Amino acid sequence: MKKFNYGIDHLKIGTCLDIAAGTVKGIINTAAAGHINTSWKEVEKIVHAHLPVYGINTGFGPLCDTRISEQDTSLLQSNILKSHSVGVGKPIPQEIAKLMLITKVHALAQGYSGIAPQTLERIIWHIDNDVIPVVPEKGSVGASGDLAPLSHLFLPLIGLGYVNAGNQKLPAGDVLKQYNLQPLTLGPKEGLALINGTQFILAFAIKAVERLNNILNNADLIGAMSLEGLMGSAKPFDARLHTIRPYKGTKLVAKRLAALLQGSAIGGSHVDCDRVQDPYSLRCMPQVHGASRNAWLHLKELTEIELNSVTDNPVIFNADDTISGGNFHGQPLALPLDYATVAAAELGNIADRRCYLMSEGRYGLPKLLTEHAGLNSGLMIPQYTTAALVTENKTLCFPASADSVPTSLGQEDHVSMGSVSGRKLHMVLDNIEYIQAIELLYASQALEFRRPLQSTPVIETLHQLVRQHVPFIKEDRIFADDINALHQLITSGQLQSVATEAAQKHKINITEDDEFGIY
């Protein structure tokens, strides 16, 4: 199995997801162990020398001026995990919690946090054995780190809290006993090092980068199918047009759409028609999808920086050189997460418009995409669902980072709310995946009304894939079943993988540039 060296190697988003999936193993090599051990010893020097350093021998937050005796420094660290475990709401997905563990190990292993080697070893044990702590979704303001969720994440280290093990939620202490493991006694600084950081926000960002990348790819594929169903023009995707307004995302989408549509018999059948322009939802796909790709690229870049950063406080350079700063503040991710939320919602907005276009009965398509409208409602109502989801997404687009509620008796007087930004983004992504499933239902139906004309090899392959799961609509049925079947194609990545395989077979280039990947 491929190995990744925590604290030493540069961690990419794709590699982080692979560690969570168990296809890459994260380890502490000799170099990282040296850095960790040195930092741990420096903290011990601080304690023995009675040097006043925040969180090591002082209280926390507004209690930063309260000195803690040497004999109480360990109790201080376990108390912080207990007192800061105030999360509420449903548990976050296990994969997100596992990503939190992975990213925290990588940050701590860089050797600026004073963590004990055995503590990191125990966290890695949790990762490797899929004993994943239960973390409530709400309670972080994303400023002094994600204090509440990280406290819940690390309660199992001291035998408290709950874990998911073998698909069961169990008391952490009981699971440790099953493995003949003892709860840890935290040393000076360790509790603070564990809960100071942005790993809750970061884990949601990592997963959002992956999910939004899949959605962006599907937007181009389904948009091309819709365009063919509506007999739209491929001329707006001419590379010359986008060379003179060269946004990276726009150029990539135009290139992909042009390649997907080149040589289509459907497109060739109306080259000389008198239709001058298509509606924006067809003609402006490069500009709209491309702008969302630019936002994705920004989120990916900043997420990767955060992945390889130290977000602890205070940072330990040596016993005589510690800095109490603000690397735990979530603002650098809160802003791009909010930006990505708006960018993602736009993909739903434009997809809904294409669904509406296909139901109008324009461009030779039957009204509501059914031959027997009246007795049958056809595809009238699925667009109601896209309208509802689009509106829900709009309400979720208010940027959480635009707000700040002072906490900790005013000591933490500006907070990022980035944890809310991360969770909201995933709510929007959930809705868009259903919107795309509905557009795929419409586009596949519309293509049938262009027969015997055929589209391009990739689009015809995707149409065949859809028909393996959802038959042509001749009369009304329970369309929720169709939507759910197509939703599975969207979320699984199968739509993109089948398209890529078909493109390679027919030597059609729809691949992304390297910078639009996650590895």
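This passage describes helices, nonpolar cores, a surface patch, selected contacts and salt bridges in a predicted model.

Helix α9 covers residues 199-229, a run of 31 residues. The distance from its first C-alpha to its last is 44 Å, close to the 45 Å expected at 1.5 Å a residue. The helix is mostly covered, with 30 of its 31 residues buried. Met231 follows α9 and has a positive phi, near 50 degrees.

Helix α5 (residues 117-128) was examined in the same way. Its 12 residues should span 16 Å at 1.5 Å a residue, and the end C-alpha atoms are 16 Å apart, so the two values agree. Buried residues in α5 include Thr119, Leu120, Arg122 and Ile123, and also Ile124, Trp125, His126 and Ile127. Just after this helix, Asp130 adopts a positive phi of about 55 degrees.

Turning to the interior, nonpolar side chains in soluble globular proteins tend to be buried together. In this model the largest nonpolar core contains 75 residues. Tyr6, Ile123, Phe154, Leu194 and Leu212 have the most contacts inside this core. Helix α9 supplies the largest share of the core, 13 residues. A second core, separate from that one, has 49 residues, among them Leu227, Ile438, Leu440 and Ile510. Leu227 falls within the residue range of α9. Ile123, one of the residues with the most contacts inside the largest core, is also one of the buried residues of α5.

The surroundings of Phe154 were listed without its neighbours within four places in sequence. On that basis, Phe154 is in contact with Leu81, Leu101, Lys104, Ile123 and Leu194. Of these partners, Ile123 and Leu194 are themselves among the residues with the most contacts inside the largest core.

On the surface, Tyr112, Phe317 and Ile323 make a nonpolar patch of about 280 Å². Ile323 belongs to strand β9 (residues 321-323). This residue has a relative accessible area of 44% and is therefore partly exposed, since that class lies between the 20% limit for buried and the 50% limit for exposed residues.

Two further residues were examined for their contacts. Arg275 is placed in the loop between α12 (265-268) and α13 (280-283). Its relative accessibility is 25%, so Arg275 counts as partly exposed. When residues up to four places away in sequence are not counted, Arg275 touches Leu230, Met231, Gly232, Leu282 and Tyr363. Among these, Met231 is the residue with positive phi that follows α9. Gly232 is 43 residues from Arg275 in sequence, and their C-alpha atoms are 9.1 Å apart in space.

His487 lies in helix α19, which comprises residues 479-492. With a relative accessible area of 14%, His487 is buried. Not counting residues up to four places away in sequence, His487 touches Glu433, Tyr434 and Ala437.

Side chains of opposite charge can pair when their charged atoms come close. The model has a count of 21 salt bridges. In one of them, the side chains of Lys189 and Asp312 meet with an N to O distance of 2.6 Å. This pair links distant parts of the chain, its members being 123 residues apart. Lys189 is in the loop between α7 (172-178) and α8 (190-195), and Asp312 is in the loop between α14 (285-307) and β8 (315-318). Both partners are buried: Lys189 has a relative accessible area of 0%, and Asp312 has one of 3%.

Arg240 forms a salt bridge with Asp238, and the closest N and O atoms are 2.8 Å apart. Arg240 counts as exposed at 65% relative accessibility, whereas Asp238 counts as partly exposed at 29%. A further salt bridge is made by the side chains of Asp482 and Arg477, at 2.8 Å from N to O. Here Asp482 is buried, with a relative accessible area of 7%, while Arg477 is partly exposed, at 28% relative accessibility. Glu95, Lys207 and Glu210 are joined into one network by salt bridges that share partners.

Definitions and conventions: Residues are numbered from 1 along each chain as its sequence is written. This is a predicted model: local features need pLDDT of at least 70, side-chain atom pairs count only at pLDDT 80 or more; totals for chains, interfaces and linings use all residues. Side-chain values use heavy atoms; hydrogens and water are left out. Helices (H or I, at least four residues) and strands (E, at least two) are DSSP runs, numbered from the N terminus. The expected span of a helix is 1.5 Å times one less than its number of residues. Buried means under 20% relative accessible area, exposed over 50%, partly exposed in between (1.4 Å probe, protein chains only). A nonpolar core is a set of buried Ala, Val, Leu, Ile, Met, Phe, Trp, Tyr and Cys residues joined through side-chain atoms within 4.5 Å. Contact means heavy atoms within 4.5 Å. Patches are made of residues with over 30% relative accessible area and no salt bridge: like charges are joined within 9 Å, nonpolar side chains (Val, Leu, Ile, Met, Phe, Trp, Tyr) within 5 Å. Accessible areas come from the Shrake-Rupley method with a 1.4 Å probe; for residues, only the protein chains shown count as cover. A salt bridge is a side-chain nitrogen of Lys or Arg within 4 Å of a carboxyl oxygen of Asp or Glu.
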